[in-house]
Amino acid sequence: MLKMEHVYKTFFPGTINEKKALVDLNLELEDGDFVTMIGGNGAGKSTTLNAVAGVWPVDKGRILIDGIDVTHQPEHKRARYIGRVFQDPMLGTAGGMMIEENLDIASRRGEFPGLRWSMSEEKHEKFYRMLKELDLGLEDRMTSKVGVLSGGQRQALTLLMATLRKPKLLLLDEHTAALDPKTAEKVLGLTRTIVERDALTTLMITHNMRDALRFGNRLIMMHEGRILIDVRGGEKQKLTIRDLLAMFEKASGGEGDVSDKMLLG
């Protein structure tokens, strides 16, 4: 479903601030894979997601989604294949618009944009049912502005919007990091339900190793722009946090710094 072949990305090349963010990155996700990705700050996690989403061009390599080469496609054209939820709950929704208006926009992702706004009874009922499944009371507030929602409610809505059209690929960039633990657990539960129900191919970044172990069928650990560890299935299910830290130490050759280990722990 997703294939990244020999991808390189360097920021500020030739300057004192040069940063090799991705170095000969090769990654392939199969249909239905739910992959959690961990690593310290600067490991290349968000850079990988941004490369896939087309936020900026890569220096070298190819990116394919569902067999289609999107390497040189701009971000707005890749949106037809990708659903994305950001770390900041304020992103991904229009705060000045109503809940049902946001959902309607999401339902037309990838279509040719028009100027006419309409909300059929059938569509209204569909959105009502979807919101009710979130169990957050949003189905009774469909005409409320999104800007008045709590961070958790807004992130749950963003998740619903990102998956409304059943994207080829779902990208989750630390989408619970800004939430309190109770709300984060709620959103993670919704994530699992939606991903498993719709068999969505998903790449989820997290700094929480427990979440990385609890969720998904596959775990990837990055360090300095490379994939150090890639475990899946039964092997992943048996791992503990202590195991992961030991694997990180071995794979990085002992070069992982203290902050990396603290973040991974």
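## Positive phi at Ala199 and His6

Ala199 is exposed, with 54% relative accessible area, a value that counts as exposed because the class begins over 50%. In this predicted model, Ala199 sits in the loop between H6 and E8. Its phi is positive, about 50°, although Ala199 is not a glycine. Most residues other than glycine have a negative phi.

His6 is another non-glycine residue with a positive phi, near 50°. Unlike a loop position, the place of His6 is in a strand, E1, which covers residues 2-11. The relative accessibility of His6 is 46%, so His6 counts as partly exposed.

## The aromatic pair

Strand E1 also holds Phe11, which pairs with Trp56. How many aromatic pairs does a search of the whole structure find? The search finds one. The rings of Phe11 and Trp56 are arranged edge-to-face, with 5.3 Å from centre to centre and 85° between the planes. The arrangement is classed as edge-to-face because the angle between the planes is over 60 degrees.

Trp56 lies in the loop between helix H1 (45-53) and strand E4 (60-65), so its pairing with Phe11 ties together parts that are 45 residues apart in sequence. The two partners fall into separate accessibility classes: Phe11 is partly exposed, at 23% relative accessible area, whereas Trp56 is buried, at 18%. The boundary between these classes is 20%.

## Nonpolar cores

The largest nonpolar core has 29 residues. Ile99, Leu103, Leu131, Leu134 and Leu157 are the residues that touch the most other members. Two or more residues of this core come from each of H3, helix H4 (121-134), H5, strand E7 (169-173) and H6. Which element gives the most to the core? That element is H5, with six residues.

Leu103 illustrates the contacts of one such residue. Leaving out residues up to four places away in sequence, Leu103 touches Phe127, Leu131, Leu157, Leu160, Met161 and Leu164. Of these, Leu131 and Leu157 are themselves among the core residues that touch the most other members. A second core, separate from this one, has 27 residues, including Ala43, Val52, Val58 and Leu171.

## The largest pocket

The largest pocket holds about 430 Å³ of space. Its lining is made up of 20 residues, and those nearest the centre are Ala79, Ile82, Arg84, Phe86 and Arg109. Helix H2 (75-78), strand E6 (82-85), helix H3 (99-107) and helix H5 (151-163) are the elements that give two or more residues to this lining. H3 and H5 also each supply at least two residues of the largest nonpolar core.

By residue type, the lining of the largest pocket consists of 10 nonpolar, six polar and four charged residues.

## The second largest pocket

The volume of the second largest pocket is about 270 Å³. Of its 16 lining residues, Thr176, Ala177, Ala184, Asn208 and Asp211 are the closest to the centre. At least two lining residues come from each of helix H6 (181-198), strand E8 (202-205) and helix H7 (209-214). H6 has the largest share, four residues. The lining is divided into seven nonpolar, five polar and four charged residues.

One of the residues closest to the centre, Asp211, lies in helix H7. Is Asp211 buried or exposed? Asp211 is buried, with a relative accessible area of 10%. Apart from its neighbours within four places in sequence, Asp211 is in contact with Thr36, Leu188 and Thr206.

## Ile241 and helix H9

Ile241 belongs to helix H9, which spans residues 241-251. Its relative accessible area is 18%, so Ile241 counts as buried. Which residues does Ile241 touch, not counting those up to four places away in sequence? They are Met209, Arg210 and Leu213. Helix H7 covers residues 209-214, so these contacts link H9 to H7.

Ile241 and His72 are separated by 169 residues in sequence, and their C-alpha atoms are 38 Å apart in space.

Definitions and conventions: Residues are numbered from 1 along each chain as its sequence is written. This is a predicted model: local features need pLDDT of at least 70, side-chain atom pairs count only at pLDDT 80 or more; totals for chains, interfaces and linings use all residues. Side-chain values use heavy atoms; hydrogens and water are left out. On a 1 Å grid over the protein atoms alone, a cavity is a set of points where a 1.4 Å probe fits but cannot get out, and a pocket is an open set with protein on both sides within 12 Å along at least five of seven lines; lining residues have an atom within 4 Å of a point. Grid points are joined across faces, edges and corners, and a volume is the space filled by probe spheres set on the points. Ala, Val, Leu, Ile, Met, Phe, Trp, Tyr, Cys and Pro count as nonpolar, Asp, Glu, Lys and Arg as charged, and the others, Gly among them, as polar. A nonpolar core is a set of buried Ala, Val, Leu, Ile, Met, Phe, Trp, Tyr and Cys residues joined through side-chain atoms within 4.5 Å. Buried means under 20% relative accessible area, exposed over 50%, partly exposed in between (1.4 Å probe, protein chains only). Contact means heavy atoms within 4.5 Å. Rings of Phe, Tyr and Trp (its six-membered ring) pair if their centres lie within 6.5 Å; planes under 30 degrees apart count as stacked, over 60 as edge-to-face and the rest as tilted.
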